[in-house]
Amino acid sequence: AVVSTQSTGTSVIDGIKDNVGKCSTGPAETMLLCRAQGGMWKHVFDISGHMFMMVYCNLFITTHLEEMHEEEGPKVGSIPSQVISTLCLILVSLFDIMMVFTVLYWHTPPEKILGCLIGVAGWTLTFKQLIKLLAKFNV
């Protein structure tokens, strides 16, 4: 489910990027047609795939950490649990730092916001809807 969400999210983002733009040599419907004519494609709207992936991954990791701690109960303080939690929190912190740099240096505000919304939507579909559906079928 995670791989399909990430693949679908990036496919949607790439599809918009490749079809919403202008060609330097004149009218062309897609980036591929523009390049075939020898032109350069200027992206008019480039949704932030970095924001999508980092938001989705942070939500994915924190959701699993939360579930891990709920399932372990009294064993939450065990060494393996603490090591996994610490490594995951370091990774989440790294993604947070990368998001700050993305916000500061790349993309326009609407592109970043839409990237975040696609990440949250992918997580919601994966963890809030798909998991409930699979639970109904005891999968």
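Here are three short exercises on this predicted model, each with a worked solution.

**Exercise 1: the overall layout**

Work out how many helices and strands the protein has, and in which pattern they follow one another.

*Solution.* Start with the count: the secondary structure consists of five helices and two strands. Next, walk along the sequence, where the pattern reads α-β-α-β-α-α-α. Then turn to contacts with a separation of 6 or more: 62% of them join residues 24 or more positions apart. Finally, look at burial: of the 139 residues, 26% are buried.

**Exercise 2: a lysine without a partner**

Find where lysine 112 sits, and describe its surroundings.

*Solution.* First, locate lysine 112 in helix α5, which spans residues 109-136. Second, check its charge pairing: lysine 112 is buried but forms no salt bridge, and glutamate 111, the nearest side chain of opposite charge, is 7.6 Å away. Third, look for other polar atoms: a polar atom of the lysine 112 side chain lies 2.6 Å from the backbone oxygen of valine 103. Last, list the contacts beyond four places in sequence: Ser48, Met51, Thr102, Val103, Trp106 and His107.

**Exercise 3: a nonpolar patch**

Decide whether valine 100 is buried, exposed or partly exposed, and name the surface patch it helps to make.

*Solution.* Begin with position: valine 100 belongs to helix α4, residues 79-105. Its relative accessibility is 45%, so valine 100 counts as partly exposed. Now add its companions: Ile97, Val100, Phe101, Leu104, Tyr105 and Trp106 make a nonpolar surface patch of about 680 Å². For context, the protein has an accessible surface of about 9,000 Å², and carbon and sulfur atoms contribute 69% of it.

Key
Residues are numbered from 1 along each chain as its sequence is written. This is a predicted model: local features need pLDDT of at least 70, side-chain atom pairs count only at pLDDT 80 or more; totals for chains, interfaces and linings use all residues. Side-chain values use heavy atoms; hydrogens and water are left out. Helices (H or I, at least four residues) and strands (E, at least two) are DSSP runs, numbered from the N terminus. Buried means under 20% relative accessible area, exposed over 50%, partly exposed in between (1.4 Å probe, protein chains only). Lys and Arg count as positive and Asp and Glu as negative; His and the chain ends are not counted. A salt bridge is a side-chain nitrogen of Lys or Arg within 4 Å of a carboxyl oxygen of Asp or Glu. A polar contact is a pair of N or O atoms within 3.5 Å; within protein, one must be able to donate a hydrogen and the other to accept it, and residues adjacent in sequence count only if both atoms are side-chain atoms. Contact means heavy atoms within 4.5 Å. Accessible areas come from the Shrake-Rupley method with a 1.4 Å probe; for residues, only the protein chains shown count as cover. Patches are made of residues with over 30% relative accessible area and no salt bridge: like charges are joined within 9 Å, nonpolar side chains (Val, Leu, Ile, Met, Phe, Trp, Tyr) within 5 Å.
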